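Ready for a few short exercises? Take a look at the model below, then work through each task with its solution.

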Amino acid sequence: MVVGVVTVALLVGVSSTAPSGSRATQSVTGASAVLPYFGLLPAVAYDANRRQVVLFNNRGETWLWAKNRWTQAHPAMSPSGRIGAAAAWDPLMGAVLLVGGQSYADETVLKDTWTWNGSTWKQVGPRTSAPPGGFMLAMTYDTDLEAMVLVASDIPFGSPIRLWTWNGAAWYQRNATGGPVSPVAVVAFDPVTETVLAVGARCSTSYCVSETWSWNGAGWQPSRPPHEPGFAFSSMTLVYDPISGRLILLTIPPTTAGPAPTETWTWNGQDWSWRQTIGQQNAVAVAASPDGDGGRVLAFEDLARDFKTQRIDAWKWTGNSWQPINGSSASG
């Protein structure tokens with residue numbers, strides 16, 4: 001198993017991996033720049049009905065990526081600005097589901113649930129039965145169960161996790177006994193094993209050892225693969241690749257200081273395989289189906305160095321490697 005340093009990313013750069021030396025860039029200089037502000041721990045998901053990536057940041061802004069362009073949405077209703085909210089596509093509701101997080105303004109823990117219908121946000125479900133808020137949430141849609149599955153981690157690390165499912169109207173807490181302990185960084189439904197895969201960790205005072213688990217709707221089982229990726233808390237994303245039929249994990253390698261490049265790992269149902277390392281900082285990816293494409297995983301890297309120069313790199317996964325998305329441009 002790989003040992004990773006205990007760090008929480010202060011700025012989530014949304015990146016991917018690509019062949020060495022290749023880069024796709026949206027770069028706009030000056031106050032007229034029209035590129036999203038990623039900020040601290042943004043929520044990112046793919047809207048399958050409207051074929052666009054949805055990004056919600058700690059300023060309370062909603063940004064959309066479609067046809068290689070970013071545009072800012074101006075919904076009539078919106079969640080408050082937050083960090084660390086969980087977001088995923090809910091096919092039963094036909095909407096992106098956004099859950100919880102923590103207020104960026106006053107660090108209030110948020111226990112609300114929202115849907116994005118392509119034009120505005122709508123608060124749904126009773127708050128009285130909502131999962132715990134905070135920024136240590138991981139969520140995915142379970143195709144077999146036909147429900148959203150959310151895992152909430154607690155501090156101190158080593159505490160029991162909490163498991164919830166969403167049926168389109170309300171949240172229900174499930175038994176999580178016998179599974180991973182806090183923290184769990186990412187979850188995704190694995191169609192190969194027909195289970196929810198979770199990457200968690202066993203942590204000491206100075207480092208964490210990554211662990212892989214699966215949940216079949218009734219109980220947890222340790223996967224114990226021969227290889228484990230580095231554990232990177234909020235600097236990890238896990239999505240399904242419709243091209244290869246495998247899960248893709250983006251994480252940062254064990255490091256002691258400074259920004260780290262992004263590692264790409266794939267899961268075949270039994271073991272993790274390391275694929276590529278590129279980029280300059282942290283990574284977030286989304287499973288998408290762009291126009292004219294049968295399915296794709298997209299990823300972005302925010303490389304802004306100050307408020308005068310904005311730069312976002314965009315990539316697509318071919319099933320074997322990352323390639324830059326050419327022709328990206330800022331939209332007005």
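The exercises that follow look at one residue and the strands around it in this predicted model.

**Exercise 1.** Find where E194 lies, and decide whether E194 is buried, partly exposed or exposed.

*Solution.* Start with the position: E194 sits in the loop that links strand 17 (184–190) to strand 18 (195–203). Next, take its relative accessible area, which is 49%. Partly exposed covers the range between the 20% and 50% cut-offs, so E194 is partly exposed.

**Exercise 2.** Work out which residues E194 touches, leaving aside residues up to four places away in sequence.

*Solution.* With those sequence neighbours set aside, the contacts of E194 are D144 and F189. Now try a pair at a distance: G269 is 75 residues from E194 in sequence, while their C-alpha atoms are 9.4 Å apart in space.

**Exercise 3.** Describe how strand 17 and strand 18 are arranged.

*Solution.* First, the direction: the two strands pair in the antiparallel sense, over 6 bridges. One of the pairings joins V186 to V199 in strand 18. Then look at the connection: strand 17 and strand 18 make a hairpin with 4 residues between them, and E194 in the turn has a positive phi of about 55°.

**Exercise 4.** Follow strand 18 onward to strand 19, then judge how enclosed strand 18 is.

*Solution.* Strand 19 (residues 207–215) runs antiparallel to strand 18, and 8 bridges join them. Across this pairing, L197 faces S214 in strand 19. These two strands also form a hairpin, with 3 residues between them. Finally, count the buried residues: strand 18 has 7 of 9 buried, so the rest of the structure largely encloses strand 18.

Notes:
Residues numbered from 1 in each chain as written. Predicted model: local features only at pLDDT ≥ 70, side-chain atom pairs only at ≥ 80, totals over all residues. Heavy atoms only, no water. Buried < 20%, exposed > 50% of the residue type's maximum accessible area, 1.4 Å probe, protein only. Contact = heavy atoms within 4.5 Å. Pairing = 2+ DSSP bridges.
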